[in-house]
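Colleague: Before I rely on any of these assignments, could you take me through the reasoning behind them, one term at a time?

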Amino acid sequence: MPLSLARVLAPRVLAPRVLALALVMSAFVTECAARSPPAQPVIVSPDATTSAPAEKLGLRGRTLIPLHSTLIGQGGVTRLNFSGALSIHNASATNVLAIEKIEYRSGSGQLIESYLNEPIYLKPYASLQVIIAQDDVRGGTGASFTVDWSMSEGSDEPLIEAVMTSYTGPHSYAILSPGRRVSRAQ
């Protein structure tokens, strides 16, 4: 083939290959981004927080919230992985809620991750979330969170729950898991 004809045909022959390579790279980057944990697993608006209150917060509590990152189905034949969002809501209309500790544990009770280095103080009716990605199966079956909190005596206790969702092909599933207050050493 003469050199001038090769120059004319080369872009036409290479264009589909370049496009295919670009599509493969785009899919790869998208897949990698989807598998990466969120850059900031604790999501809280700066407008939702405040500084520590001047008075000591006398009421202390701990809430346990199941968050099943994996469920086993069909008699142990299938596994369904869920993404999860732990939501912590200050239910008080007037008082600050201190979130002191958020820990994520596996079904065997082993600590997987502790999310706070210092307390977060939520304004009245404000909330925060902790996100677990669908492909993060470290918790396995029976995973859970514990949240240590404190507030002023007489305040409404926080509302803490988890929402789990899973998308597989054309099917989607959602589970709401309420928290339950458990013992905390005073």
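Modeller: This is a predicted model, and a good place to start is the hairpin of β7 and β8, which has five residues between the strands and in which Gly-109 takes a positive phi near 90°.

Colleague: What makes β7 and β8 a pair of strands?

Modeller: Pairing requires at least two bridges between the strands, and three bridges join β7 to β8, residues 111-114, so the two count as paired, and they run antiparallel. One of the bridge partners is Glu-113 in β8, which is matched with Tyr-104.

Colleague: How do you know that β7 also pairs with β11 and β9?

Modeller: The cut-off of at least two bridges applies here as well. Eight bridges join β7 to β11, residues 144-151, and three join β7, residues 97-105, to β9, residues 120-122, so both pairs qualify, each of them antiparallel. In β11 the bridge partner of Tyr-104 is Phe-145, while Ala-98 stands opposite Tyr-121 in β9.

Colleague: Why is Phe-145 called a member of a nonpolar core?

Modeller: A core member must be a buried residue of a listed kind, Phe among them, joined to others through side-chain atoms within 4.5 Å. Phe-145 belongs to the largest such core, of 29 residues, and is among those that touch the most other members, along with Leu-86, Ile-88, Ile-99, Ile-102, Leu-128 and Val-147. At least two residues of this core come from each of β3, β6, β7, β9, β10, β11 and β12.

Colleague: What does Ile-88 touch?

Modeller: Leaving aside residues up to four places away in sequence, Ile-88 touches, among others, Leu-97, Ile-99, Leu-122, Ser-127, Val-147 and Ile-160.

Conventions: Residues are numbered from 1 along each chain as its sequence is written. This is a predicted model: local features need pLDDT of at least 70, side-chain atom pairs count only at pLDDT 80 or more; totals for chains, interfaces and linings use all residues. Side-chain values use heavy atoms; hydrogens and water are left out. Helices (H or I, at least four residues) and strands (E, at least two) are DSSP runs, numbered from the N terminus. Buried means under 20% relative accessible area, exposed over 50%, partly exposed in between (1.4 Å probe, protein chains only). Contact means heavy atoms within 4.5 Å.
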